Amino acid sequence: MNNLYEERLGTDRMLPLVFRMALPAVAAQIVNLLYNIVDRIYIGHIPGIGTDALAGIGVTSSVIILISAFSSIVGAGGAPLAAIALGQGDRERAGKILGNGLVLLLLFTVLTSAMAYLSMRPLLMAIGASEHTIGYAMDYLSVYLLGTLFVEVSVGLNTFINTQGRPGIAMCSVVIGALLNIGLDPLFIFVFGMGVKGAALATILSQACSAWWVLHFLTSRKATLRIERRYMRPDRRIIGATLALGVSPFIMASTESLVGFVLNSGLKVYGDIYISALAIMQSAMLAVSVPLTGFAQGFIPIVSYNYGHGNRERVKDCFKIVVRVMFSFNLLLVLFMILFPGLVASAFTSDERLIATVEYTLPVFLAGMTIFGLQRACQNMFVALGQAKVSVFIALLRKVILLVPLALLLPRWMGVMGVYAAEGVSDAAAAVCCTLIFVWQFPKILRKMAR
């Protein structure tokens, strides 16, 4: 078997290797971001109903994030473990991690789809929908749930392609789906007159193509780590290890959903326009976090492989590059959005009242994200190094321990601005705490590697 692509993770010069692995993943995630943003841009410009429809779609995002979060258990938990196994030369264990990961994704599909369908209306009303927006929310979500399997497979298994040192193949799976979505959105929404249902249909058809691409590669002879029936038999130890490491990225993703519940519920008291503003600002936040996610998908296999191989110097070299790039990119993009909030808002809506609302709330909402690149670098390093417990704590810290209580308390003194300020305060505090924990723990991990 030709393992040349994997071996490069342990031998190539670090700086070119990091960018060669990361840039395709970043490009894929930027294009993938258009899944979310293009839907909202088109929906926000539907004549007559754009603002209410945008609020409805904003409410559904909490449910959609929660569904996608389950795929991160396998994608962000199983893939680093597979990379560590490959670095140790244990290909059988790596194959079992991939096969059991697919089984988990099928189980997650059944559970999440059934629960969402059975509780759709009361759930959407509880997290911020009003009588004006509930129809749009249900129209979108009822169609989107038909493609749950495609979402779970395409997101959950794509990282296993990166694990094999094939970022270009992984990028294509995302780009194909995203470009198809961009083309189908205006066709279904405006030409066929399907409105928000058309946006949802375009999304699931696009995800189906991405899922097909991923499965086609992982079952082909081109893959050095393939899906094989003999490795799909559930293994309690493999599933346990995947869940243990995957719970951290799951919490990171699912707590975004929890925060959506809390923020939308808090803003509902002040009017639908504030929920529409939040939908725009969360999309702006994605413009920062999604490329960072792509960069992490690129460097995690490098760190995991070299950690499994016992090469501490390459692990240290990789982190030095990662923290500089992620911090600088995050800082510059967030500052741009804080300085030009009206420009951000106008991309999503032509409603002058909504643009004005975003202009005075977005700087408060994003203020804490200026240093958030530090947390993304350190937390993803913990995941890459298989440090499950500390990863879970950091994931809980930002959203559950800090943001949710702040979102409930600050509005008592600050009114509607307190809801938005809670995000900024929790982001900054979590970034500082995560960095301090990493500075304390990273040398210990390196010393263990040496022993």
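Arg20 is a good place to begin: with a relative accessibility of 41%, this residue counts as partly exposed. Its side chain meets that of Asp12 in a salt bridge, with 2.4 Å from N to O. Asp12 is partly exposed too, at a relative accessible area of 22%. Keep in mind as you look around that this is a predicted model.

Let's follow the salt bridges a little further. A search of the whole structure turns up seven of them. Side chains of opposite charge can pair when their charged atoms come close. Another example is the pair formed by Arg230 and Glu228, whose closest N and O atoms are 2.9 Å apart. Here Arg230 is exposed, with a relative accessible area of 59%, whereas Glu228 is partly exposed at 25%.

Now turn to Arg398 and Glu423, where the setting is a buried one. Their side chains meet in a salt bridge of 3.2 Å, N to O. The pair links distant parts of the chain, since Arg398 sits in helix H16 (residues 388-409) and Glu423 in helix H18 (residues 416-450), 25 residues apart. Arg398 has 9% relative accessibility, and because buried means under 20%, this arginine counts as buried. Glu423 is buried as well, with a relative accessible area of 2%. There is a third partner to find here: Arg398, Glu423 and Asp427 are linked in a network of salt bridges.

With those pairs in view, step back to the overall layout. The chain is divided into two parts, domain 1 (27-234) and domain 2 (251-450). Taken over C-alpha atoms, the centres of the two domains are 21 Å apart. Where they meet, 40 residues of domain 1 are in contact with 39 residues of domain 2.

How much area do domain 1 and domain 2 bury between them? The figure is about 3100 Å², with 64% of it on carbon and sulfur atoms. On the domain 1 side, Gln29, Thr51 and Ile84 supply 16% of the area buried against domain 2, more than any other three residues.

What about charged pairing across this boundary? The count of salt bridges between domain 1 and domain 2 is zero. For polar contacts, the count between the domains is one residue pair, with both residues at pLDDT 80 or more. The elements giving two or more residues to the side of domain 1 that touches domain 2 are helix H2 (14-44), helix H3 (50-87), helix H5 (120-126) and helix H7 (148-163). H3 gives the most, with 18 residues. Sorted by class, this side of domain 1 has 21 nonpolar, 18 polar and one charged residues.

For a last stop, go to Val303, which lies in helix H11 (residues 272-309). Is Val303 buried or exposed? Its relative accessible area is 1%, so Val303 is buried. Leaving aside residues up to four places away in sequence, Val303 touches Val315, Cys318, Met381, Ala384 and Leu385. To get a sense of scale, you can also look from Val303 across to Leu409: the two are 106 residues apart in sequence and 40 Å apart in space, C-alpha to C-alpha.

Terms used. Residues numbered from 1 in each chain as written. Predicted model: local features only at pLDDT ≥ 70, side-chain atom pairs only at ≥ 80, totals over all residues. Heavy atoms only, no water. Domains from an automatic or database assignment. Contact = heavy atoms within 4.5 Å. Buried area = accessible area lost by both parts, 1.4 Å probe. Salt bridge = Lys/Arg side-chain N within 4 Å of Asp/Glu carboxyl O. Polar contact = N/O pair within 3.5 Å; in protein donor to acceptor, adjacent residues only side chain to side chain. Helix = DSSP H or I, 4+ residues; strand = E, 2+ residues; numbered from the N terminus. Nonpolar A, V, L, I, M, F, W, Y, C, P; charged D, E, K, R; others polar. Buried < 20%, exposed > 50% of the residue type's maximum accessible area, 1.4 Å probe, protein only.
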